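Subject: Structure handover and notes on what was found

Dear colleague,

I am passing on the structure we spoke of, and below it you will find my notes on what came out of the analysis. Please read them with the coordinates open beside you.

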Amino acid sequence: MKIEKIQQTDLRNQELKLFKLTNPNGTIINITNIGATITSIKTKDRNGKLSETVLGFDKPEEYLSERYLKNCVYFGATVGRFANRIAKGKFELNGKTYKLNQNNGHHHLHGGPNGFHQKVWDARIEETDAGQALVMNLTSPDKEEGYPGNLEVEVRFFLSNENELIIDYHAKSDAPTPVNLTNHSYFNLSGKDTDILDHEVMIFSDEYTPKQDDVPIGDIVPTKDTPFDFQEFHKVGERLNHLPREGYDHNLVINGDEGDLRRAAVVKDPHSGRILEVYTTMPGMQFYTGYFLDGSFGNSEKKFGPFSGMCFETQYFPDSPNHPAFPSSIVTPENPFIHTTVFKFNAE
Ligand code: BGC
């Protein structure tokens, strides 16, 4: 695996960088230090043709445009300090109430209006025994967006020779604080300007967290006999008429134990033969099928409309700081955030 810096632009005293990760199989991944964002993943289809499999902009600067940031789309971004919603931007910790900035109606979404997705991260290429890794660092000061504690965040990206993009997250705080870091890539394995409704998905989950007003009500219920049962392959579009108009935008509880790297999902595009497998150490995963993309963004290849990509956001359950029965997302000085998510690509 090889990593090179392929672009650097200076903007308001900040260095915007773009890196290219390649392996001997021909997989090419681009990552910018703006929001530690994956801008491109090119993988081979069953005939060896290399195409784009995520939604992203042509130029890194576009990830900082005001119009984009207002829209809360998060293409490929590292999302934090807390991915997904915290109800009404409020939570209690050790007897104290914390108020967070609200940016999604009355909720706090994906770390708030100045979340990690729009920070310019420090970035370096590190030599390791296994090969080169791309390492990104960020400091989130105490009270940023309303969160307690100074948080030091590190995200490491590693592309293996087996076509695995391994993302290791590490975050350390000097005071107790909720932390939920995820990657918000929108995948479309077709490599074409088509939607993802034909993609076939399997998710290793027996339970999900029903929601109301976009946040979990607190229950954990079986997926059996619901449109959230993906124990066998189902097309994304197959059961949409049993769901609200936005389709899938739900947290599924991933079977097995938090901390164990286990398979969370398999996705197949029957046309190109491309396959994506998702592995994670996290307890949950937001399965979001991109309904809110409205076509106002795109790149030189296509416009990103509803269902043009789907996200597998490995995570603590949304709003978990307000649900003591959910796995705890609280990081303390003694207990840092240490998690791994792997996106593995193949074709058949
Ligand atoms: C959320 C969606 C939201 C999307 C983009 C997803 O993680 O679950 O509700 O629209 O991110 O912000």
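Two residues are said to be in contact, or to touch, when heavy atoms of theirs lie within 4.5 Å. Please keep in mind throughout that this is a predicted model.

With that cut-off, and not counting residues up to four places away in sequence, Gln-132 touches Met-1, Lys-2, Ile-3, Ile-125, Glu-126, Glu-127 and Phe-158. Gln-132 belongs to strand S12, which runs over residues 131–140, and because its relative accessible area of 15% falls under 20%, Gln-132 is classed as buried. Two of its neighbours are also polar partners: the side chain of Gln-132 reaches the backbone nitrogen of Ile-3 at 2.8 Å, and a polar contact of 2.9 Å links the side chain of Gln-132 with that of Glu-127.

A second residue that you may wish to look at is His-339, which sits in strand S29 (residues 337–347) and, with a relative accessibility of 6%, is counted as buried. The side chains of His-339 and Tyr-316 are joined by a polar contact of 3.0 Å. Leaving out residues up to four places away in sequence, the residues that His-339 touches are Ile-167, Asp-168, Tyr-169, Glu-258, Thr-281, Met-282 and Tyr-316.

The third residue, Leu-189, lies not in a strand but in the loop between strand S16 (182–183) and strand S17 (200–203), and Leu-189 is nevertheless buried, at a relative accessible area of 1%. Apart from neighbours within four places in sequence, its contacts are Thr-53, His-199, Val-267, Asp-269, Ser-272, Arg-274, Ile-275 and Leu-276. The C-alpha atom of Leu-189 is also 9.9 Å from that of Ile-41, although 148 residues separate the two along the chain.

Turning to the ligand, there are 13 residues around it, of which Cys-72, Arg-85, His-184, Asp-249 and Glu-313 come nearest. Three pairs of atoms deserve to be listed with their distances:

- an oxygen atom of the ligand and a side-chain N or O atom of Glu-313, at 2.4 Å;
- an oxygen atom of the ligand and a backbone N or O atom of Cys-72, at 2.8 Å;
- an oxygen atom of the ligand and a side-chain N or O atom of Asn-84, at 3.2 Å.

Finally, there is the matter of enclosed space, where a search of the whole structure finds three cavities of 30 Å³ or more. The largest cavity has a volume of about 60 Å³, and its lining consists of Asn-84, Arg-85, Thr-209, Lys-211, Asp-214, Val-215, Pro-216, Asp-249, His-250, Asn-251, Gln-286 and Pro-318. By class, the lining of the largest cavity is made up of three nonpolar, five polar and four charged residues. Strand S20 (215–216) and strand S23 (249–253) each supply at least two residues of this lining, and S23 gives the most, with three.

The second largest cavity holds about 50 Å³ of space and is lined by Gly-80, Arg-81, Gly-111, Asn-114, Gly-115, Phe-116, Ser-140, Glu-144, Glu-145 and Tyr-147. Here the lining residues divide into two nonpolar, five polar and three charged.

With kind regards

Methods
Residues numbered from 1 in each chain as written. Predicted model: local features only at pLDDT ≥ 70, side-chain atom pairs only at ≥ 80, totals over all residues. Heavy atoms only, no water. Helix = DSSP H or I, 4+ residues; strand = E, 2+ residues; numbered from the N terminus. Buried < 20%, exposed > 50% of the residue type's maximum accessible area, 1.4 Å probe, protein only. 1 Å grid on protein atoms, 1.4 Å probe; cavity = no way out; pocket = protein on both sides within 12 Å on 5 of 7 lines; lining within 4 Å. Points joined across faces, edges and corners; volume = space filled by probe spheres on them. Nonpolar A, V, L, I, M, F, W, Y, C, P; charged D, E, K, R; others polar. Near = heavy atom within 4 Å. Polar contact = N/O pair within 3.5 Å; in protein donor to acceptor, adjacent residues only side chain to side chain.
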